[in-house]
Amino acid sequence: MRAHASVLHLDLDAFFAAVEQRDKPSLRGKPVVVGGVGGRGVVATASYEARTYGVHSAMSTREARSRCPHAAFLSGRFHAYRDTSKVVMALLRAASPLVEPLSLDEAFVDLEHSGLPDLEIETVTAFAADLRAQVREATGGLTASVGLGTSKFIAKVASDLDKPDGLTVVPPGTELTLLRPMRVSVIPGVGPATAERLRRAGIHTVEDLEAVSLDELVRLLGKAHGGGLYHLARAEDDRPVVPEREAKSVSVEGTYDTDLTDRRLMEGLLTRQAGEVAGRLRKHGLSGRTVTIKVRLHDFTTLSRSSTLPSPTDRTSTIARVARGLLTDLDTSGGVRLLGVGVSGLADWIQEDLFGEDQEDEEVPVEVEVPTSRQRRTWAPGMDVVHAGMGRGWVWGSGRGVVTVRFETAESPAGPVRSFAEDDPELSPWVPQEPAEDPPP
Ligand code: DCP
Ligand code: MG
């Protein structure tokens, strides 16, 4: 625990839904649910307007529809979330060299190295207020909730206290007063299973936990976990803010506007991605042992599978073969929205070189063509489209051969709604320019 509240945690509010409301003016101030819109889909997130009806992340979309039938149910646009996340992370990195992203919409920032004259409450609070204003400005109106505290644990708890659009500072010395009445699940590492075990031992709050001896906790939860909780229950947390280090993996992924169902096509895409990964590894003189594939299903579940090779490789053929093999274990019959290949466990030398001369990479690049929405005729709710006469808009709904579009963008006022035949040649999916490749490791 530090002497000053110099750890900042920032978390964007209702992230995916907020991006949708920014880009779809007619949905601002309205209930919006983003997630799998099909029969077995789950909610990824809901706007705060929808949350008042009890809709929340991980709930089935079916249940969300019954709780809030008038919400807009959108299937998500990952390119927009990723681009927005990049803007926010760049802004944080400009504020401090020590930024540790936790997910697309969440990061720790260490203020000890941000060039502030001091770390007194007034100074760090003003810094945080300014950062929140900058985020709003740079993202076109998204709000972030920020917490400041003497450790990562406290900063993260604090950012959640006044959501959405909040700023909470926990002054040094007040940590335990804040934590004691809270449920044990507030502690990082206390998931449902641990919480249940503690509950059976009569431990509900942090205060209850604080009263338990180290021996007893170790007996209940094992040495590492029990020991960790013993300290966190006392707000003792010295974990440093660790900036993203050199890439520990090289990966390539693609998101698709339509649900891919053809196995051959998916294998082709994985092979092509394996080629790109291998090319980047070779370019940087790297090789890796663990091949991972990432697959996001139509209902938003994201799966990853990996396999570790006996020795590192930088070969397209090896990576592609493993990636295709990993795909065979997954049930993708409902359709796939994202595919990716990565190699981790990087080393800067290649074992295979020790045993022979540099062989040609024998994998032949494959020609694959991803079907467009027109070929598949799927118009996912929320997706970006462009109409020859009407300009940019988004799919409001589709069915029975008709697709309904609302014509508006982040910069326009709420726009008109028009319906078209699903195969209207004037209407096509709108895809943003490919963003520049991430900087090499
Ligand atoms: N997400 C998801 N599936 C989940 C949880 C989250 O796909 N089970 C996605 C959607 C969220 C984003 O990650 O918008 C960020 O997650 P958060 O937990 O920060 O949730 P939100 O930002 O949506 O809401 P909050 O205002 O509570 O932070
Ligand atoms: Mg968030």
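**Close-up 1. Val 34 stands opposite Leu 74 in strand 4.** We start this tour of a predicted model with a small sheet. The pair sits where strand 2 (residues 32–35) meets strand 4, two strands that run parallel and are joined by three bridges. Zoom out a little and you get an open sheet of three strands, in the order 3-2-4 and with mixed pairing. Its edges are strand 3 (43–46) and strand 4 (72–74), each of which pairs on one side only. Going from one strand to its neighbour, the average turn is 25°, direction ignored. Helix 1 (residues 15–23) packs on this sheet and touches strand 2, strand 3 and strand 4. The direction of helix 1 makes about 120° with that of strand 2.

**Close-up 2. Here is the whole protein, for orientation, with its 15 helices and 17 strands.** The radius of gyration is 24 Å, close to the 22 Å that the globule rule gives for 441 residues, so the protein is as compact as a globular protein of that length. Measure out the C-alpha trace along its principal axes and the spans come to about 65 × 65 × 50 Å.

**Close-up 3. Five strands make up an open sheet with the order 5-6-1-7-8.** Pairing in this sheet is mixed. Strand 5 (99–103) and strand 8 (167–169) are at the edges with a single partner strand each, so one side of each has no neighbour in the sheet. The twist from one strand to the next averages 15°. At the strand 5 end, four bridges tie strand 5 to strand 6 (residues 106–110), and the two run antiparallel. One pair to pick out there is Ser 103 with its bridge partner Glu 106, in strand 6.

**Close-up 4. What packs on the five-stranded sheet? Helix 5 (residues 121–138) does, touching strand 1 (7–12), strand 7 (144–149) and strand 8.** Against strand 7, the direction of helix 5 makes about 160°. Helix 6 (residues 152–159) lies across strand 1, strand 6, strand 7 and strand 8. Helix 6 runs at about 145° to strand 7.

**Close-up 5. Helix 10 (residues 214–221) packs with helix 11 (residues 223–232).** The angle between the two is about 140° and their axes are 7 Å apart. That angle makes helix 10 oblique to helix 11. As for handedness, the crossing of helix 10 and helix 11 is right-handed. Helix 10 brings Leu 214, Leu 217, Val 218, Leu 220 and Leu 221 to the contact. From helix 11 come Lys 223, His 225, Gly 226, Gly 227, Leu 229 and Tyr 230. Sorted by class, this contact of helix 10 with helix 11 has seven nonpolar, three polar and one charged residues.

**Close-up 6. Helix 12 (residues 263–283) and helix 13 (residues 316–328) cross at roughly 145°.** Their axes come within 8 Å. The crossing of helix 12 and helix 13 is right-handed. On the helix 12 side, look for Met 266, Glu 267, Leu 270, Thr 271, Ala 274, Gly 275, Val 277 and Ala 278. Helix 13 answers with Thr 316, Ile 319, Ala 320, Ala 323, Arg 324 and Leu 327. By class, the contact of helix 12 with helix 13 counts nine nonpolar, three polar and two charged residues.

**Close-up 7. Strand 13 (residues 384–387) and strand 14 form a hairpin with three residues between them.** Four bridges join the two strands, which run antiparallel. Within this hairpin, Val 386 has Arg 392 of strand 14 as its bridge partner.

**Close-up 8. Strand 14 (residues 391–399) carries on into antiparallel pairing with strand 15 (residues 402–406), over five bridges.** Two residues lie between the strands of this hairpin, and Arg 400 takes a positive phi near 50° there. Gly 399 stands opposite Val 402 of strand 15. Also in view is Val 395, whose bridge partner in strand 15 is Val 405.

**Close-up 9. Strand 15 pairs with strand 16 (residues 417–421) too, again antiparallel and over five bridges.** Which residue of strand 16 is the bridge partner of Thr 404? Look for Ser 419.

Note on methods: Residues are numbered from 1 along each chain as its sequence is written. Chains are lettered from A and ligands numbered from 1 in the order in which they are written. This is a predicted model: local features need pLDDT of at least 70, side-chain atom pairs count only at pLDDT 80 or more; totals for chains, interfaces and linings use all residues. Two strands pair if DSSP finds at least two bridges between them. Axes are lines fitted to C-alpha atoms, for helices over the stretch in contact, and angles run from 0 to 180 degrees between N-to-C directions. Two residues are in contact if their C-beta atoms, placed from the backbone, lie within 7 Å. Angles under 35 degrees count as roughly parallel, over 145 as roughly antiparallel, 65 to 115 as roughly perpendicular and the rest as oblique. A crossing is left-handed if the near helix is turned anticlockwise from the far one by less than a right angle, and right-handed if clockwise. Ala, Val, Leu, Ile, Met, Phe, Trp, Tyr, Cys and Pro count as nonpolar, Asp, Glu, Lys and Arg as charged, and the others, Gly among them, as polar. The radius of gyration is taken over C-alpha atoms; the globule rule is 2.2 Å times the number of residues to the power 0.38.
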